[in-house]
Structures are given as structure tokens and as C-alpha cells.
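Let's walk through what holds this chain together, side chain by side chain. Take a look at the model first, and then we'll go through its cysteines and its charged pairs.

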Amino acid sequence: MTVTLNDDQFENLTLEKHDDGVWVVTLNRPEKRNALNLATIEELITLFSNAPRAGAQAIVLAAKGDHFCAGLDLIEHHDADRSPADFMHVCLRWHEAFNKMEYGGVPVIAALKGAVVGGGLELASAAHIRVADAGTYFALPEGQRGLFTGGGATIRVADLVGKSRMIDMMLTGRVYQGQEAVDLGLAQYLEEGSTFDKAIALAQRTAANLPLTNFAICSAVSHMQNMSAMDAAYAEAVVAGVVNTQPAARERLAAFADKSAARIRPNT
């Protein structure tokens, strides 16, 4: 079943489709440092729920303005004066959006810049690849705001940097930048130039893979991390049995066998 997604379906996101299957999804609330209100979360759910069936081969998640995302829209949160039950359901919608990103099977490459803070870091951590520059900074300031993470930081950010570092970030407001942030796993790439250009290049390279292979990499690995070692070994074997015998891979395997395929070389 195929679906159609177009830019005119969104108000807080922009959607640009390239001919090579790369989509550019841009957070479009620069006046709010791209803070996430509930309407934006709902748009993210719509987009990432349908992107695999709408032809996306890879997605660059970018942001308009100087900052990637400053997290939860605190003004909306303050003005809404939600009950505990109401905010619990808001958090569950955040989880829905970010789970659709991580487990949806389409590679998501985040082009980071400026603030990647609070819920913005939770959003970024749901992407499969993150590209930062020297001006990108990562923080979880919930402790200073009288808040607690609600969009998956205890799952994804803790997985990236470790429980103790995440607790430190929340308690003290510690900020990570540059090579230190990359070394901790908050990003995989540190660019001197445009993070967007690098993200596009990575997306183009990724989109050239077979869709089923990308689906397995971007979905099965995360599922297996949630399993026991024994269950993960079984699941890995099943996924490999399906992916490694797909008819579409035969041409690529033949190219390797006859030595016409590009070889893996060391970096120069």
C-alpha cells in the first residue's frame, strides 16, 4: 500500500523530495528556535509513519534558522497548564514520533547546528546518523527548569553517553560541544563546513543501498538491542536469512564476484 506525502500537508515542517529518493524534512519554527509544540510532534508522527510507504529512501532532518531544536515548547507547556494525565499523553505522542523515526526503516540523518537541547536532543538521538559542527551544543537542562525528560532521553541519550553522564547533564546543565561530543557518541560526524551538505551526501550514499537492507539496518538493530543476547542472535539469523537472499542483491553480489564492484579502501 502506497501513500502520498506533500509539503502542503505540514505547517511546522517543510518537505522537499529529491529525484534520488532523498527527502529533506526541515523544522520550520525558527522564531522559537524550532522548539517542539504538540502540533509539530503530530506532524512528525504523520511524516515518519508514512515515509516508508511514500517512497523515501533516506531522510535529512534539518532546521531553519540558527538552531536545530531547543526542545519542548516551554511557553505552550506553561500556558496549557496540563494535568499529569494530559502531559503523560503528550509524552506518549513524543515517543510515538521518535519511535517511528528510529524503527521506521528509512535512514534518518540529522543535520545539527546551534542548540540541540532537551527535547531537541531526544529528537536528534532518534536519528540514525547525526552530523554536528563546532557551534553545535548538546544539553539536558531539565534539572534547572524543574522538569524531567519525557521524550526518550532515558532510553536513547543514556544509551549514547551512559547513565552517569546523562544524570550529570540533567543535574548540572553540563554542555557538550565539538570533538568531545562526538567522542561521547552524541554525533558521529564533526564538520568544519555545512552540516546540511554533509548530511545530504550521507543520505545520497545511503539511498543507493537496497531498501530492504536499509530497513533491516535501521529497524532490526534497534529491536535486537532490546532483546536478550539469545533472542537477538536468533532474530539476527532470521533477518539475515531474508535480507541476504533477496533477489535484488544478486546483481551486487555478482559484481563483487567478477571484481567489477568498488572495493573497500583505507582512508587517505
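Start with disulfides: this is a predicted model, and the count of disulfides in it comes to zero. In general, a disulfide is a covalent bond between the sulfur atoms of two cysteines. To count here, two cysteine sulfurs would have to sit within 2.5 Å of each other. Have a look at C69, which takes part in no disulfide. The nearest cysteine sulfur to C69 belongs to C91, and that one is 14 Å away. Is C69 buried or exposed? C69 is buried, because its relative accessibility is 0%. C218 is another buried cysteine, this time with a relative accessible area of 5%.

Now for the charged side chains. Side chains of opposite charge can pair when their charged atoms come close. How many salt bridges does a search of the whole structure find? It turns up seven.

One of them brings together R29 and D73, with 3.1 Å from N to O. R29 sits in the loop between β2 (22-27) and α1 (38-50), while D73 is in the loop between β3 (58-63) and α2 (74-80), so this pair ties together parts that are 44 residues apart in sequence. Both of these residues, R29 and D73, are buried.

Next, find R93 and E42, another salt bridge, where the closest N and O atoms are 2.9 Å apart. Here the link runs from helix to helix: R93 belongs to helix α3 (residues 84-103) and E42 to helix α1, and the two are 51 residues apart. Are these two tucked away as well? R93 is partly exposed, because its relative accessible area is 30%. E42 is also partly exposed, with a value of 29%.

Helix α3 comes up again with E102, which forms a salt bridge with R156. In this pair the closest N and O atoms are 2.6 Å apart. R156 lies in helix α6 (residues 156-161), so to speak across the chain from E102 in α3, and the pair links distant parts that are 54 residues apart. Both R156 and E102 are buried.

Finally, which residues are joined into one network by salt bridges that share partners? They are D168, R174 and E180.

Methods:
Residues numbered from 1 in each chain as written. Predicted model: local features only at pLDDT ≥ 70, side-chain atom pairs only at ≥ 80, totals over all residues. Heavy atoms only, no water. Buried < 20%, exposed > 50% of the residue type's maximum accessible area, 1.4 Å probe, protein only. Salt bridge = Lys/Arg side-chain N within 4 Å of Asp/Glu carboxyl O. Helix = DSSP H or I, 4+ residues; strand = E, 2+ residues; numbered from the N terminus.
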